[in-house]
Amino acid sequence: MVRIFLDSGSEISMIDQKLAEKTALKGDTLSLSLHGATGREDISTKRVTFFLKSKMSNDAVWLKVTAHTVDSAKFPTHQPMILDPEDLEVLRTYPLTVDPEHTETTVEILIGQPYYSYIVKGPLG
């Protein structure tokens, strides 16, 4: 299983470079400037293409994603949450990939725009 973080504020998609190597994804090497809450960083990356499909629906379609390989340390980290017992029960009614009480997760793919909008809102037109 691969953990994916859907990020509506990201203009690009990224994949952990170790996962890209493990799955033999190939791509062109290029320079990229990452801008985030901690400032700007110039990195060397590969632009790779892969396909995603939801396991939540039998009629889901494959989504072709182009992403940049980066060290997973650049991805957001899951912070431990303190939840009210009533909130926890509500969360358990949704089809989540991780138990809401589980506080440590490793993100391997970050999905940004335009793929985020496609996943959340569906195809336009």
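Strands β4 and β5 pair in the antiparallel sense over 6 bridges, where pairing requires that DSSP finds at least two bridges between two strands. The model is predicted, so local features are reported at pLDDT of at least 70 and side-chain atom pairs at pLDDT 80 or more, whereas totals for chains, interfaces and linings use all residues. Residues are numbered from 1 along each chain as its sequence is written, and side-chain values use heavy atoms, with hydrogens and water left out.

**Fold and strand pairing**

The chain contains 3 helices and 6 strands, which are DSSP runs numbered from the N terminus, with helices (H or I) of at least four residues and strands (E) of at least two. Read along the sequence, these elements follow the pattern β-β-α-β-β-β-α-β-α. Besides the pairing of β4 with β5, strands β3 and β4 pair in the antiparallel sense over 9 bridges, and these two strands form a hairpin with 2 residues between them. Strand β2 (residues 14–16), by contrast, pairs with β5 in the parallel sense, over 3 bridges. The table sets out the three pairings.

| Strands | Sense | Bridges | Residues opposite each other |
|---|---|---|---|
| β2 and β5 | parallel | 3 bridges | Aspartate 16 and valine 70 |
| β3 and β4 | antiparallel | 9 bridges | Threonine 29 and lysine 46 |
| β4 and β5 | antiparallel | 6 bridges | Leucine 52 and leucine 63 |

**Burial around β5**

Strand β5 is mostly covered, as 6 of its 8 residues are buried, a class that means under 20% relative accessible area, while exposed means over 50% and partly exposed lies in between (1.4 Å probe, protein chains only). Over the whole chain, buried residues make up 26% of the 125 residues. Histidine 68 belongs to strand β5 and is classed as buried because its relative accessible area is 10%. Leaving aside its neighbours within four places in sequence, histidine 68 is in contact with Ile12, Ser13, Met14, Ile15, Leu30, Leu32, Thr45, Lys46 and Arg47, where contact means heavy atoms within 4.5 Å.

Aspartate 16, which is found in strand β2, is likewise counted as buried because its relative accessible area is 9%. Aspartate 16 and aspartate 71 are 55 residues apart in sequence, yet their C-alpha atoms are 5.6 Å apart in space. For the chain as a whole, among contacts between residues at least 6 apart in sequence, 58% join residues at least 24 apart.

**Nonpolar cores**

The largest nonpolar core holds 12 residues in all, namely Ile15, Leu19, Ala20, Val48, Phe50, Leu52, Leu63, Val65, Ala67, Ile109, Ile111 and Tyr115; such a core is a set of buried Ala, Val, Leu, Ile, Met, Phe, Trp, Tyr and Cys residues joined through side-chain atoms within 4.5 Å. At least two residues of this core are supplied by each of α1 (17–22), β4 (39–52), β5 (63–70) and β6 (109–111). A second, separate core of 6 residues includes Met14, Leu32, Leu34 and Leu110.

**Surface**

The accessible surface of the chain comes to about 9,200 Å², of which 52% belongs to carbon and sulfur atoms; areas come from the Shrake-Rupley method with a 1.4 Å probe, and for residues only the protein chains shown count as cover. A nonpolar patch of about 550 Å² on this surface is made by Val2, Ile4, Leu6, Val61, Tyr118, Ile119 and Val120. The elements giving two or more residues to the patch are β1 (4–6) and α3 (115–121), and the largest share, 3 residues, comes from α3. Patches are made of residues with over 30% relative accessible area and no salt bridge, with like charges joined within 9 Å and nonpolar side chains (Val, Leu, Ile, Met, Phe, Trp, Tyr) within 5 Å. Isoleucine 4, found in strand β1, counts as partly exposed because its relative accessibility is 39%.

The count comes to 1 salt bridge under the rule that a side-chain nitrogen of Lys or Arg lies within 4 Å of a carboxyl oxygen of Asp or Glu. Arginine 40 forms a salt bridge with aspartate 42, the closest N and O atoms being 3.2 Å apart, and both residues, arginine 40 and aspartate 42, are exposed.

**Backbone details in loops**

Glutamine 113 and proline 114 are joined by a cis peptide bond with omega of about 0 degrees, and proline 114 is found in the loop between β6 and α3. Alanine 24, in the loop between α1 and β3 (28–36), has phi near 60 degrees, a positive value in a residue other than glycine.
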